[in-house]
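Please describe how the strands and helices of this protein are arranged, with attention to the central strands of the sheet and to the packing of helices.

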Amino acid sequence: MKTIEDLKRLREQVQSDTRLRYTTGTKIIIGMGTCGIAAGAREVMSAVLDEIAKRHLQDVTVTQTGCIGMCEKEVLLDVVRPGEDRITYGKVTPELVPQIIAEHVVNGRILEELVVGKFSE
């Protein structure tokens, strides 16, 4: 890095890369307890971030949580759209992530066959 422009470009890149974790709108929460990680939560997290980047989704926040007690259903992934129930999907694999993002996050259609819980706020 040699110029102030290089520093500005680096700042913009870092802000763009971290914006997925701090914006408002739809939230995606991934269970990252040891049980989730053992079941493949890191790969699911990577697939979610890749799919969001590929689709250029700007209003989606991706966070993680610990174990919530349904270890046999890991990997757990919650989708919380503004004004709607929190939906928990179970046994999520990286291969299912594009379908969840396309159907639920983008189009608002819940994938009932993958749902393990619905929670009203």
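For what follows, two strands are said to pair if DSSP finds at least two bridges between them. The model discussed here is predicted. In the hairpin of strand 3 and strand 4, 5 residues lie between the strands, and among the residues of this hairpin G83 takes a positive phi near 80°.

**The sheet**

The hairpin belongs to a wider arrangement, in which 5 strands form an open sheet in the order 2-1-3-4-5, with mixed pairing. Its edges are strand 2 (60-65) and strand 5 (115-119), each of which pairs on one side only. On average, neighbouring strands of this sheet are turned by 20° against each other, when direction is ignored.

Strand 3 can be followed through its bridges to strand 1 and to strand 4, which are set out below.

| Strand pair | Bridges | Direction | A bridge partner pair |
|---|---|---|---|
| Strand 1 (residues 26-31) and strand 3 | 4 bridges | antiparallel | K27 and V80 |
| Strand 3 and strand 4 (residues 86-89) | 4 bridges | antiparallel | V80 and R86 |

V80 thus appears in both rows, as the bridge partner of K27 in strand 1 and as that of R86 in strand 4.

Are the two faces of strand 3 (residues 77-80) covered or open? Both are covered, since L77 and V79 on one side are buried, and D78 and V80 on the other side are buried as well. In a regular strand the side chains alternate between the two faces of the sheet.

**The helices**

Helix 4 lies across strand 1, strand 2, strand 3 and strand 4, and it runs at about 25° to strand 3. Helix 4 (residues 97-106) also packs against helix 3 (residues 41-55), at an angle of about 55° and with the two axes 9 Å apart. Angles that fall outside the ranges for roughly parallel, roughly antiparallel and roughly perpendicular count as oblique, and helix 3 and helix 4 are therefore oblique to each other. Helix 3 passes helix 4 in a right-handed crossing.

Which residues make this contact between helix 3 and helix 4? From helix 3 come V44, A47, V48, E51, I52 and R55, and these meet V97, P98, I101, A102 and V106 of helix 4. By character, the residues of the contact divide into 9 nonpolar and 2 charged, with no polar residue among them.

Conventions: Residues are numbered from 1 along each chain as its sequence is written. This is a predicted model: local features need pLDDT of at least 70, side-chain atom pairs count only at pLDDT 80 or more; totals for chains, interfaces and linings use all residues. Side-chain values use heavy atoms; hydrogens and water are left out. Buried means under 20% relative accessible area, exposed over 50%, partly exposed in between (1.4 Å probe, protein chains only). Axes are lines fitted to C-alpha atoms, for helices over the stretch in contact, and angles run from 0 to 180 degrees between N-to-C directions. Angles under 35 degrees count as roughly parallel, over 145 as roughly antiparallel, 65 to 115 as roughly perpendicular and the rest as oblique. A crossing is left-handed if the near helix is turned anticlockwise from the far one by less than a right angle, and right-handed if clockwise. Contact means heavy atoms within 4.5 Å. Ala, Val, Leu, Ile, Met, Phe, Trp, Tyr, Cys and Pro count as nonpolar, Asp, Glu, Lys and Arg as charged, and the others, Gly among them, as polar.
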